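Q: Please take a close look at one part of this model, the annotated position and what lies around it. I would like one connected account.

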Amino acid sequence: MADVDSEPIEQAGAGVPDNFQRLWTPHRMAYIKGENKPTGSGADDGCPFCEIPKLSDEDGLIVARGSAVFAVLNLYPYNSGHLMVCPYRHVSDYADLDGPETAELAEFTKRATQALRKASGAQGFNVGMNLGGVAGAGIAAHLHQHVVPRWGGDTNFMPVVGHTRVLPQLLRDTRDLLAGAWPAAS
């Protein structure tokens, strides 16, 4: 950042000169506009969690596949390495998962934390689900569990005051790193 006592920096085309430098995050506009959101609640209504498994792992940002669930990077991450564990079956409520889906979802969540610790030295995690739109689910029609890695001091000026996340790595690079660190089934 510029020194607050210095003269404003000329920023051609960026409005009135001031002492703020800018960190542009244009990828967030897709999230703000609701791009890639399903048009309805059915599996055939544009559900990204139903479409992603049809893609290659690299194109779908899939870290690992199981028989009932898969782990995928969040396109709009809270932190670097933010994963989601999703059942293949289009189901919106945790209570509607069958036994094998529930067991594999739990196992993949465990393996996600192991991979994130190995690949990035994560010191802690936020793990959970937002069930229903009123609970904050961005895509309420298809259940998904978030696994968000955390580090001491990761809540700093940028997200708290600047309302901007700084992600130091491209999603494809993060996917490659985590896929390589994903533990084998025990």
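A: Contact here means heavy atoms within 4.5 Å. The model is predicted, and the values below are computed from it.

The position to start from is His144, which the UniProt record, an unreviewed entry, annotates as "active site". Such an annotation may be inferred rather than shown by experiment. His144 sits in the loop between strand E4 (124-128) and strand E5 (145-150). Is His144 buried or exposed? Buried means under 20% relative accessible area, and His144 has a relative accessible area of 7%, so it counts as buried.

What surrounds His144 can be listed. Leaving aside neighbours within four places in sequence, His144 is in contact with Phe49, Met84, Val85, Cys86, Gly128, Met129 and Ile139. There is also a partner close by in sequence: a polar atom of the His144 side chain lies 2.8 Å from the backbone oxygen of His142.

His144 also takes part in lining a cavity. The structure holds 2 cavities of 30 Å³ or more. In the largest cavity there is about 50 Å³ of space. Its lining includes His144 together with His142, Leu143 and His146. Ile139, one of the contacts of His144, is also among the lining residues. The other residues lining this cavity are Ser92, Asn130, Leu131, Gly132, Ala137 and Ala140.

The contact list also leads to the strands. Val85, a contact of His144, belongs to strand E3 (residues 83-87) and stands opposite Ala71 of E2. E2 and E3 pair in the antiparallel sense over 5 bridges. On the other pairing of E2, 3 bridges join strand E1 (residues 62-65) to E2 (residues 69-73), and these two strands also run antiparallel. In that pair, Arg65 stands opposite Phe70. E1 and E2 form a hairpin, with 3 residues between them.

How many of the residues of E2 are buried? The count is 5 of the 5, so E2 is largely enclosed by the rest of the structure. Both of its faces are covered: Val69, Ala71 and Leu73 are buried on one side, and Phe70 and Val72 on the other. Ala71, opposite Val85, is thus on the face shared with Val69 and Leu73, while Phe70, opposite Arg65, is on the face with Val72.

To return to the starting point, His144 is a buried residue that touches Val85 and lines the largest cavity.

Conventions
Residues are numbered from 1 along each chain as its sequence is written. This is a predicted model: local features need pLDDT of at least 70, side-chain atom pairs count only at pLDDT 80 or more; totals for chains, interfaces and linings use all residues. Side-chain values use heavy atoms; hydrogens and water are left out. Two strands pair if DSSP finds at least two bridges between them. Helices (H or I, at least four residues) and strands (E, at least two) are DSSP runs, numbered from the N terminus. Buried means under 20% relative accessible area, exposed over 50%, partly exposed in between (1.4 Å probe, protein chains only). A polar contact is a pair of N or O atoms within 3.5 Å; within protein, one must be able to donate a hydrogen and the other to accept it, and residues adjacent in sequence count only if both atoms are side-chain atoms. On a 1 Å grid over the protein atoms alone, a cavity is a set of points where a 1.4 Å probe fits but cannot get out, and a pocket is an open set with protein on both sides within 12 Å along at least five of seven lines; lining residues have an atom within 4 Å of a point. Grid points are joined across faces, edges and corners, and a volume is the space filled by probe spheres set on the points.
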